Amino acid sequence: MINHRLVLVLLSVLAVTACSDNKAKKKPPSPPVPVAVAKATARDIPVELKVVGRAEAFESVIIKSRVDGQVASVHFTEGQHVKQGDVLIRLDPTDFAARLRQAEGSAARDEALIAKTRADTARYTALRERNFVSEEKVNDIRTNEAAAAANLKASQAAAEVARLQLSYTTIRAPITGIVGARLVFPGSSVKINDTTLAVVNRASPLLVAASIPEKHLPRLRAAMKSGGMQVDVSIPNDRQQSFKGTVRFIDNAVDPATGTILMKAEIPN
């Protein structure tokens, strides 16, 4: 009897433990999931095309000399912001100033000569009216006056050319922008339309160029015809900065090597 009672007590304990475990495993029911309800509407959604672009200067000018000469002074520092008309470089003007004085002297001589021939024409014309000289002599005097007038125009043109060449010794910024590195120094020799003196880039506004796969060309042209196409430019590794712009240019030919077409957008800088 003792053994049977022990077995019964052990079974009772196991039964109570099992009931306690079942109650512990039961969890309270989950709360209902909130659902937001909105009215369905029909509207246009933007079609986005993500491509990699590169920034370009709005204008870029490679400055070269219009005359042969030697650099006398450089008036800019690398990376300087310059305005249109600012002096960048001066060439030695000595030779060009001498040529200008020579041309002006020739023009002054021809002016004196034309004054003399005009006086001769007036005098011989009066003499012809009194039959003191022949008509042939008067025609010769008039021919000399016309030749003197032509020489005067040529001399004045030569003086103007010399004046322009002298002005070319002062090299100014053609646009407002940022000048690049110094490529020449005082004493450097430069050749006409050959030696690069400086590079000026206009960076405001800024152009962003991108190569678009040619399959998107019809959609791009359709978007341009419908009132323009907007771009959203972001910087790699900095998605917080974003710049809005407008497409200004789509190339008229597809690059056969890459199967892409060049597109440029303008953004403020």
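This tour goes through the partners of strand 8 and then stops at Ile175.

The model is predicted: local features need pLDDT of at least 70, side-chain atom pairs count only at pLDDT 80 or more, and totals for chains, interfaces and linings use all residues. Residues are numbered from 1 along each chain as its sequence is written, and side-chain values use heavy atoms, with hydrogens and water left out.

**Strand 8**

Select residues 196–213. This is strand 8. Strands here are DSSP runs of E, at least two residues long, numbered from the N terminus. Two strands pair if DSSP finds at least two bridges between them.

Add residues 53–64, strand 1. Strands 1 and 8 pair in the antiparallel sense over eleven bridges. Pick Gly53; its bridge partner in strand 8 is Ala210.

Next, select residues 260–267, strand 11. Eight bridges join strand 11 to strand 8, and the two run antiparallel. Show Ser211; opposite stands Leu262 in strand 11.

Now take residues 177–179, strand 6. Strand 6 is also antiparallel to strand 8, joined by two bridges. Val179 has Val200 as its bridge partner in strand 8.

**Ile175**

Go to Ile175, in the loop between strand 5 (170–172) and strand 6. Is Ile175 buried or exposed? Ile175 is buried (under 20% relative accessible area, 1.4 Å probe, protein chains only), at 13%.

Which residues is Ile175 in contact with, leaving aside its neighbours within four places in sequence? Contact means heavy atoms within 4.5 Å. Select Glu59, Val61, Val82, Lys83, Gln84, Val200 and Arg202. Finish with Val82: the C-alpha atoms of Ile175 and Val82 are separated by 8.1 Å, while the two residues are 93 apart along the chain.

Notes
Helices (H or I, at least four residues) and strands (E, at least two) are DSSP runs, numbered from the N terminus. Buried means under 20% relative accessible area, exposed over 50%, partly exposed in between (1.4 Å probe, protein chains only).
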